[in-house]
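User: I should like to understand how the terms used for a protein structure are justified. Please set each value against its definition.

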Amino acid sequence: MIFLIDYDVPRQHCEVRSFADSQRAFAVEERMRLELEYGERKVKREVVLLEAANAVELKRTHRRYFESSRELAKFPVEDAAAH
């Protein structure tokens, strides 16, 4: 599955759209359209395409788009012991 992340950097808020693998070309076009639009308007946004098996996996592997910096600074004690 392909996910289009449209991340508003100042507000730390993202919008997510999902696409089937067969829609890859459309997803790429949509990412480029948004990047050009935001660039012309000088809007501080990150627009990325990511692949993941599902939304749960996406949120696990790309936490920074879905959690505040305070939440990211915390991690479970069992994770700390593994590092």
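User: What share of the contacts in the protein with a separation of 6 or more comes from residues 24 or more positions apart?

Analyst: Residues 24 or more positions apart supply 50% of the contacts with a separation of 6 or more. A contact here means heavy atoms within 4.5 Å. The structure is a predicted model, in which local features need pLDDT of at least 70 and side-chain atom pairs count only at pLDDT 80 or more, while totals for chains, interfaces and linings use all residues. Residues are numbered from 1 along each chain as its sequence is written, and side-chain values use heavy atoms, with hydrogens and water left out.

User: How many helices and strands does the protein have, and in which pattern do they follow along the sequence?

Analyst: There are 4 helices and 3 strands, and along the sequence they give the pattern β-β-α-β-α-α-α. The elements are DSSP runs numbered from the N terminus: helices are H or I with at least four residues, and strands are E with at least two.

User: How does the reach of helix 1 compare with the expected value?

Analyst: Helix 1 covers residues 24-41, which is 18 residues, and it reaches 26 Å from its first C-alpha to its last. The expected span is 1.5 Å times one less than the number of residues. For helix 1 this expectation is 26 Å, and the reach is close to it.

User: Why is Ala27 called buried?

Analyst: Buried means under 20% relative accessible area, exposed means over 50%, and partly exposed lies in between (1.4 Å probe, protein chains only). Ala27 has 0% relative accessibility and therefore counts as buried. Ala27 belongs to helix 1, and it touches Ile2, Phe19 and Leu49, not counting residues up to four places away in sequence. The C-alpha atoms of Ala27 and Val48 are 9.9 Å apart, although the two residues are 21 residues apart along the chain.

User: What makes the buried residues of helix 1 lie on the same side?

Analyst: The buried residues of helix 1 are Ala27, Glu30, Leu34 and Tyr38. They cover an arc of only 60 degrees around the axis, so they are on the same side of helix 1. The arc is that of the directions from the helix axis to the C-beta atoms. An α-helix has 3.6 residues a turn, so residues three or four places apart point the same way. The cover over these buried residues includes strand 1 (2-8), strand 2 (13-19) and strand 3 (45-51). On the face turned away from the buried side, helix 1 carries the exposed residues Ala25, Glu29, Leu36 and Glu40.

User: Why is Glu35 in helix 1 classed as it is?

Analyst: Glu35 has a relative accessible area of 32%, so it is partly exposed. Its C-alpha is 9.4 Å from that of Asp6, and the two are 29 residues apart in sequence.

User: What makes the phi of Lys42 and of Gln12 worth noting?

Analyst: Most residues other than glycine have a negative phi. Lys42, just after helix 1, takes a positive phi of about 60 degrees. Lys42 lies in the loop between helix 1 and strand 3, and with 73% relative accessibility it counts as exposed. Phi of Gln12 is also positive, near 50 degrees. Gln12 is in the loop between strand 1 and strand 2, and at 46% relative accessibility it counts as partly exposed. The C-alpha atoms of Gln12 and Tyr65 are separated by 7.4 Å, with their positions 53 residues apart along the chain.

User: Why is the pair of Tyr7 and Tyr65 called edge-to-face?

Analyst: The whole structure contains 2 aromatic pairs. Rings of Phe, Tyr and Trp (its six-membered ring) pair if their centres lie within 6.5 Å; planes under 30 degrees apart count as stacked, over 60 as edge-to-face and the rest as tilted. Tyr7 and Tyr65 are 5.2 Å apart, centre to centre, with 75 degrees between the planes, and the pair is edge-to-face. Tyr7 lies in strand 1 and Tyr65 in the loop between helix 2 (55-61) and helix 3 (69-73), so the pair ties together parts that are 58 residues apart in sequence. Tyr7 is buried at 5%, and Tyr65 is buried at 8% relative accessibility.

User: How do you know that the charged end of Lys59 sits over the ring of Phe66?

Analyst: A charge sits over a ring if NZ of Lys or CZ of Arg is within 6 Å of the ring centre and within 35 degrees of the ring normal. The charged end of Lys59 is 5.7 Å from the centre of the Phe66 ring and sits over it. Arg64 lies over the face of Tyr65, at 4.5 Å from the ring centre.
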